[in-house]
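Trainee: I would like to take a close look at a single part of this protein. Could you please guide me through one helix and then through what surrounds it?

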Amino acid sequence: MIFRAVEDADLIRKAQRGDVEGFNLLISRWEKRVFNYLLRILQNREDALDLSQDVFLKAYQNLRKLEDPDRFAAWLFRIAHNEAYSLFRKRKPEGEPYAEQHSGQSVNVGGSGMFPIELSIAVSSALGRLTSDQRETVVLKVYQGFKFEEIAEILSCPISTVKSRLYTALDLLKTDLSPLKARGAV
């Protein structure tokens, strides 16, 4: 990972000097992570694909403003966060808070054992029942591996808020998925 960070820093500096191939290499390294992040936040494949392209376009347009190449990951995911929440704001009806699409659904899993795809669906469903802030924090920490400080930077909130959201969400997920553990599926 350290070697990759050094390589990313070199590619960023090249891209900041106008090297398009350097930026294309950065995209190839980061596109799956950004797409997966957006997919888990938006819960819509087409929106995640569209916004992934928008994220990298904005990153390219603003790369010269990035002062510290070591902060690239947090900076890139901050752009992705902003794009996702811009889409949420555009779609929400006037005067109504963003409503969670999957709240109130239960996980229905039959049998004592589960196939990996069933487990994946159960976890995705449980993530879908979290608030958008909780879900995003879990995705950034668990799936993307960011540190608390980086998540706070991406979400523009205090570290204590990040920790609170994460631990509350993990407790909810533990409760939600505990029937699966009792059946031996987890």
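Mentor: The following account begins with the whole chain, turns to helix α6, and ends with the charged pairs.

The model is a predicted one. The protein contains 8 helices and 0 strands, so that from the N terminus on its elements read α-α-α-α-α-α-α-α. Of its 186 residues, 40% count as buried. The chain exposes about 10900 Å², and carbon and sulfur atoms supply 53% of that area. Among contacts with a separation of 6 or more, 64% involve residues 24 or more positions apart.

Let us now consider α6. This helix has 12 residues, which at 1.5 Å a residue should span 16 Å; the end C-alpha atoms are 15 Å apart, in agreement with that expectation. The buried residues of α6 are Ser 132, Gln 134, Arg 135, Glu 136, Thr 137, Val 138, Val 139 and Leu 140. Just after the helix, Gly 145 adopts a positive phi of about 75°.

Thr 137 deserves particular attention. It belongs to α6, which covers residues 132-143. Is Thr 137 buried or exposed? Its relative accessibility is 0%, and Thr 137 therefore counts as buried, since the cut-off for buried is under 20%. The side chain of Thr 137 reaches the backbone oxygen of Asp 133 at 2.8 Å. If residues up to four places away in sequence are set aside, Thr 137 touches Ile 151, Leu 155, Val 162, Arg 165 and Leu 166.

Helix α6 also takes part in a feature of the surface. Val 142, Tyr 143, Tyr 167 and Leu 170 form a nonpolar patch there, and their accessible area together is about 360 Å². Both α6 and α8, the latter spanning 159-182, supply at least two residues each to this nonpolar patch. One of the patch residues, Leu 170, lies in helix α8. Leu 170 has 33% relative accessibility and therefore counts as partly exposed.

Helix α7 may be examined next. Glu 149 lies in this helix, and with 49% relative accessibility it counts as partly exposed. The C-alpha atoms of Glu 149 and Ile 159 are separated by 6.2 Å, although the two residues are 10 residues apart along the chain.

We may now turn to the charged pairs. Side chains of opposite charge can pair when their charged atoms come close. How many salt bridges does a search of the whole structure find? The search finds 8 salt bridges, and several of them are described here.

One of these salt bridges joins Arg 71 and Glu 153, with the closest N and O atoms 1.8 Å apart. This pair links distant parts of the chain, for Arg 71 sits in the loop between α3 (45-62) and α4 (72-91), while Glu 153 sits in helix α7 (residues 148-155), 82 residues apart. Arg 71 is partly exposed, with a relative accessible area of 30%. Glu 153 is likewise partly exposed, with a relative accessible area of 34%.

Another salt bridge brings us back to the start of α6. The side chains of Asp 176 and Arg 129 meet at 2.5 Å, N to O. Asp 176 lies in helix α8 and Arg 129 in the loop between α5 (116-128) and α6, so the pair ties together parts that are 47 residues apart in sequence. Asp 176 is partly exposed, with a relative accessible area of 26%. Arg 129, at 19% relative accessibility, counts as buried. In addition, salt bridges that share partners join Glu 7, Asp 8 and Arg 29 into one network.

A further salt bridge lies within one helix. The side chains of Asp 10 and Arg 13 meet at 3.6 Å, N to O. Both residues belong to helix α1 (residues 2-16) and are 3 residues apart, about one turn of the helix. An α-helix has 3.6 residues a turn, so residues three or four places apart point the same way. Asp 10 is partly exposed, with a relative accessible area of 38%, and Arg 13 also counts as partly exposed, at 37% relative accessibility.

To return to the part you asked about, Thr 137 is buried in the sense that its relative accessibility is 0%, whereas Val 142 and Tyr 143 belong to the nonpolar patch on the surface.

Note on methods
Residues are numbered from 1 along each chain as its sequence is written. This is a predicted model: local features need pLDDT of at least 70, side-chain atom pairs count only at pLDDT 80 or more; totals for chains, interfaces and linings use all residues. Side-chain values use heavy atoms; hydrogens and water are left out. Helices (H or I, at least four residues) and strands (E, at least two) are DSSP runs, numbered from the N terminus. Buried means under 20% relative accessible area, exposed over 50%, partly exposed in between (1.4 Å probe, protein chains only). A polar contact is a pair of N or O atoms within 3.5 Å; within protein, one must be able to donate a hydrogen and the other to accept it, and residues adjacent in sequence count only if both atoms are side-chain atoms. Contact means heavy atoms within 4.5 Å. Patches are made of residues with over 30% relative accessible area and no salt bridge: like charges are joined within 9 Å, nonpolar side chains (Val, Leu, Ile, Met, Phe, Trp, Tyr) within 5 Å. Accessible areas come from the Shrake-Rupley method with a 1.4 Å probe; for residues, only the protein chains shown count as cover. A salt bridge is a side-chain nitrogen of Lys or Arg within 4 Å of a carboxyl oxygen of Asp or Glu. The expected span of a helix is 1.5 Å times one less than its number of residues.
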